[in-house]
Amino acid sequence: MNDTADDKQLILLIAQKDSNALELLYDRYERVIYSFAYQIVKDSMAAEEVMQELFLRLWKNAGQIDFGKGKLLTWMFAVTRNLAIDYLRKRDARLPRQSGDSGNLEQVQDHSTLTEDLVELQMAGEQIREALLGLSRDQQQVMDMIYYQGYTQQEVAQLAAIPLGTVKGRVRLAMKQLHKSLRHWGRRDHAHE
């Protein structure tokens with residue numbers, strides 16, 4: 001197998017249980033997935049566990065991945081984020097629960113557009129850190145709590161004692177500002193992925 005195979009070809013092979021294709025995909029994305037998981041869980045062993053769980057799910061569910069819904073990397077980041085948040089919730093019961101919250105991540109998964117934005121931002125590395133510093137302190141706090149600490153927008157509103165609409169507004173404004181700051185770095189620059 002040649003390592004220039006695109007993600008879609010590799011997923012099709014993985015769906016047929018081709019372990020070489022999985023290894024190739026692992027080599028391609030292991031570093032960025034580990035870094036992303038580590039930013040959320042802040043623990044090397046936990047980040048490793050999250051990453052391994054992601055690739056195990058990819059192995060088991062490769063035949064169900066729908067490329068019509070976006071790039072493989074977007075899916076990988078979304079699943080990694082959910083696994084990392086799930087890890088944090090299991091490890092640390094300090095996160096408040098909403099009445100009727102079953103403890104699953106459906107509410108977090110509903111924010112797929114924000115997750116895709118986060119994927120794009122994650123890949124920009126140092127440019128992102130600089131752009132984040134350009135946000136207001138309030139916007140930085142909300143973005144950190146949601147994307148790196150795993151809180152929902154409702155939980156941020158309760159913990160920061162601010163209205164939910166304010167949280168949503170800060171996220172929306174922060175994402176607009178980040179997109180503006182990073183407009184030269186776009187999806188078209190990553191067509192090879």
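This note covers salt bridges and helix packing in a predicted model.

1. **Salt bridge total.** A search of the whole structure returns 5 salt bridges. Three of them are taken up below, among them Asp7 with Arg28, Lys90 with Asp86 and Glu155 with Arg89. Side chains of opposite charge can pair when their charged atoms come close.

2. **Asp7 and Arg28.** These two form a salt bridge, with the closest N and O atoms 2.8 Å apart. Asp7 belongs to helix H1 (residues 7-15) and Arg28 to helix H2 (residues 19-41), so the pair ties together parts 21 residues apart in sequence. The partners are not equally covered. Asp7 is buried, at 6% relative accessible area. Arg28 is partly exposed, at 31%.

3. **H1 against H2.** Two packed helices are described by the angle between their axes and the distance between the axes. Here the axes of H1 and H2 come within 8 Å and cross at roughly 140 degrees. Oblique is therefore the word for this pair; the cut-off for roughly antiparallel is over 145 degrees. The crossing of H1 past H2 is left-handed. On the H1 side, the contact uses Asp7, Leu10, Ile11, Leu13 and Ile14. H2 supplies Ala21, Leu22, Leu24, Leu25, Arg28 and Tyr29. Both salt-bridge partners from point 2, Asp7 and Arg28, are therefore in this list.

4. **Geometry of H4.** Helix H4 covers residues 72-91, 20 residues in total. At 1.5 Å a residue, its expected span is 28 Å. The end C-alpha atoms are 28 Å apart, which agrees. H4 is mostly covered, with 14 of its 20 residues buried.

5. **Lys90 and Asp86.** This salt bridge sits within H4. The N to O distance is 3.3 Å. Lys90 and Asp86 are 4 residues apart, or about one helical turn. Lys90 is exposed, at 66% relative accessibility. Asp86 is partly exposed, at 22%; the buried class needs a value under 20%.

6. **Glu155 and Arg89.** The closest N and O atoms of this salt bridge are 3.4 Å apart. Glu155 lies in helix H9 (residues 153-160) and Arg89 in H4, so the pair ties together parts 66 residues apart in sequence. Both ends are covered. Glu155 is buried, with a relative accessible area of 1%. Arg89 is buried too, at 8%.

Methods:
Residues numbered from 1 in each chain as written. Predicted model: local features only at pLDDT ≥ 70, side-chain atom pairs only at ≥ 80, totals over all residues. Heavy atoms only, no water. Helix = DSSP H or I, 4+ residues; strand = E, 2+ residues; numbered from the N terminus. Expected span 1.5 Å × (residues − 1). Buried < 20%, exposed > 50% of the residue type's maximum accessible area, 1.4 Å probe, protein only. Salt bridge = Lys/Arg side-chain N within 4 Å of Asp/Glu carboxyl O. Axes fitted to C-alpha atoms, helices over the stretch in contact; angles between N-to-C directions. Parallel < 35°, antiparallel > 145°, perpendicular 65-115°, else oblique. Left-handed = near helix turned anticlockwise from the far one by under 90°. Contact = heavy atoms within 4.5 Å.
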